[in-house]
Amino acid sequence: MRLRQWMSRSQGTFLSVASAVMLISNAGPLPAEVVLPHILSDHGVLQREAPIHIWGWASSNEKIQVEFHAQKRGVTANQYGEWGLWLAPESAGGPFTLSVKGQSGTPIVYSDMLVGDVWFASGQSNMEMPLKGFGADTLVKDGDKEIAGATKPQIRLLLVGHKTASFPQQDFNGTWTQCTPETAKDFSAVAYFFGREIQQKEHVPIGLIDSTWGGTPVEAWASLDALAADASLTPAFASWAKFSDGQTRLTSIAAEEKREDAAAEAAHQPKPKHPWHPFPESWEPAQLYNGMIAPATPYTIKGAIWYQGETNSPPERAPLYSKLFSTMIHDWRERWNQGAFPFLYVQISSFNSPGENWGLLRDQQRRTLSVANTAMAVSLDYGLADNVHPPNKQIVGGRLALAAEALAYNKPVEYSGPAYRTMTVEGSKARLYFDHAGTGLSAKGGKLVGFEIAGKDHNYVPAEAVVEGQSVLVSTDAVAEPVSVRYAWQGFTSANLYNSAGLPTSTFTTEPSY
């Protein structure tokens with residue numbers, strides 16, 4: 001995704017005195033009247049069958065009255081004007097009206113609010129990619145048709161604007177909208193397809209929160225508290241330091257690139273290709289958590305969906321991904337204070353990316369399944385060799401929805417492709433066993449491909465592989481004493497092992513750690 005597209009939703013952090021005052025007000029409003037966070041608005045969805053949190057700001061020690069559906073509660077603001085209360089859980093339904101009033105000023109009345117399930121969607125550009133796509137060369141499959149059919153009264157959308165911040169914010173600028181072709185076209189395609197499928201299956205209102213920013217690393221989405229609590233995460237700060245040092249000449253580099261473009265245009269030549277320059281603060285640890293996650297944490301949700309990892313794929317970054325990602329998941333769960341809510345994520349797709357280690361990154365994502373109540377949707381089979389943004393977001397949303405049906409809604413559905421469990425050695429051959437194999441494994445499209453095998457030297461070479469029931473036998477004449485096997489390790493791969501539910505196998509290595 002191009003930088004100028006991201007910047008249209010972005011706010012910088014190089015502050016004048018006036019903008020510094022605005023930042024302070026974002027951190028904690030200082031209202032003369034009662035103020036609610038933007039996440040409470042017309043057309044919103046409140047989480048069903050869970051205590052409902054209503055909060056905001058007012059004058060110091062002001063008495064606040066809240067009414068919703070048949071409930072009525074009161075609370076007094078503290079000395080800083082902060083207040084909050086909890087309403088009793090409600091069943092799915094609506095539309096309802098939320099009324100909040102203080103001792104003075106005009107009451108706040110929000111209408112057309114539903115009670116249902118709220119899902120929080122986050123990550124980088126493959127989650128951010130809207131139904132309308134990123135441009136003519138990066139479109140969603142059947143995008144125009146999907147947009148035209150996006151009138152969904154039981155689905156509500158909240159699009160969070162890009163924002164970086166040096167400390168946790170209390171509010172952001174997104175508000176709820178009804179799901180229509182006009183609002184859906186700019187909304188995450190993966191989140192929309194996920195929500196549409198859940199709504200069709202569960203028959204309850206669905207609220208989707210899209211808090212995404214393309215080309216960003218996972219460490220930007222976790223809090224500083226969480227990152228600083230583990231010394232093993234120090235390399236993430238070293239990566240930021242290296243990146244930060246490289247921004248010193250950014251203005252001069254951009255000016256030089258502009259001159260090169262102008263010269264090429266004057267000579268009627270194609271413009272030269274330039275390196276991509278991300279918005280600097282979006283790479284800084286915790287900046288996106290502070291600006292785009294923290295304001296949502298007081299709001300009760302059903303669970304989270306996540307699609308990110310490409311930015312962490314360089315060889316120096318990839319080995320730390322599982323640790324960083326696990327830290328972020330635990331961090332979010334602690335901040336939301338809802339226990340181990342379902343966290344469903346997409347394994348990055350298949351893509352030709354020389355100089356990066358997508359195989360290792362995908363395996364790191366697989367290893368994150370050790371975190372309780374998580375599930376991973378594999379998208380290897382729908383990747384494109386030359387496009388990092390595969391168009392088939394329907395299949396991704398559908399596989400996330402399968403995981404939600406199993407983990408969040410307790411339905412007896414198969415939601416995972418074959419998951420590597422263990423390996424045994426039979427002479428010069430290695431036999432692999434899998435969970436989620438169903439009634440048997442199969443090679444889609446013919447001969448099984450994508451396996452490599454290594455001996456004690458850990459030098460991997462291509463191997464022959466055959467399905468035998470619920471296991472796979474791997475071998476090659478070049479390795480007499482196999483020690484380890486890996487699968488779908490290349491950036492772009494045609495690996496084709498599936499289970500009886502038609503779901504693909506994840507990239508994996510049998511090595512205990514990598």
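## A walk through the chain

Let's start at one small spot: Asp142 is partly exposed, because its relative accessible area is 45%, short of the 50% that an exposed residue has to pass. You'll find Asp142 in the loop between helix 3 (125-128) and helix 4 (143-148). Its backbone is a bit of a curiosity, with phi near 55°, a positive value in a residue other than glycine. Keep in mind as you look around that this is a predicted model.

Glu49 shows a similar feature: phi is positive here too, at about 55°, although Glu49 is not a glycine. Glu49 sits in the loop between strand 1 (45-47) and strand 2 (52-57). Its relative accessibility is 58%, so Glu49 counts as exposed. One more backbone detail is worth a stop. The peptide bond running from Gly94 to Pro95 is cis, and its omega is near 10°. Pro95 belongs to strand 6, which covers residues 93-101.

Now step back and take in the whole chain. It has 13 helices and 23 strands. Along the principal axes, the C-alpha atoms fill a box of roughly 85 × 60 × 50 Å. How does the radius of gyration fit with a compact globule? For 514 residues, such a globule would come out near 24 Å, and the chain has 25 Å, so the two agree. Of those 514 residues, 55% count as buried. Contacts reach well along the sequence, too: take the ones between residues at least 6 apart, and 74% of them join residues at least 24 apart. On the outside, the chain exposes about 21,500 Å², with carbon and sulfur atoms supplying 53% of that area.

Next, the charges. The chain carries 41 positive and 50 negative ones, and the mean positions of the two groups are 2 Å apart. Side chains of opposite charge can pair when their charged atoms come close. In this structure, there are 24 salt bridges.

A good one to begin with is Lys201 and Glu197, whose closest N and O atoms are 3.4 Å apart. Both residues lie in helix 6 (residues 189-202), four residues apart, or about one turn of the helix. Are these partners buried or exposed? Neither extreme applies: Lys201 counts as partly exposed because its relative accessibility is 34%, and Glu197 is partly exposed as well, at 26%.

Arg335 is a busier residue. One of its salt bridges is with Asp225, at 3.2 Å from N to O. Arg335 lies in helix 11 (residues 321-336) while Asp225 lies in helix 7 (residues 224-228), so this pair ties together parts that are 110 residues apart in sequence. With 55% relative accessibility, Asp225 counts as exposed, whereas Arg335, at 29%, is partly exposed.

Arg335 also meets Asp331 in a salt bridge, with 3.0 Å from N to O. Here the partner is found in helix 11 itself: Asp331 and Arg335 are four residues apart, so about one helical turn separates them. And where does Asp331 stand, buried or exposed? At 3% relative accessibility, Asp331 is buried, because the cut-off for that label is anything under 20%.

Finally, have a look at a set of linked partners elsewhere in the chain. Lys132, Glu182, Lys185 and Asp186 are joined into one network by salt bridges that share partners.

Note on methods. Residues numbered from 1 in each chain as written. Predicted model: local features only at pLDDT ≥ 70, side-chain atom pairs only at ≥ 80, totals over all residues. Heavy atoms only, no water. Salt bridge = Lys/Arg side-chain N within 4 Å of Asp/Glu carboxyl O. Helix = DSSP H or I, 4+ residues; strand = E, 2+ residues; numbered from the N terminus. Buried < 20%, exposed > 50% of the residue type's maximum accessible area, 1.4 Å probe, protein only. Rg over C-alpha atoms; globule rule 2.2 N^0.38 Å. Contact = heavy atoms within 4.5 Å. Areas by Shrake-Rupley, 256 points an atom, 1.4 Å probe, with all protein chains shown as cover. Lys, Arg positive; Asp, Glu negative; His and termini not counted. Charge placed at Lys NZ, Arg CZ, Asp CG, Glu CD.
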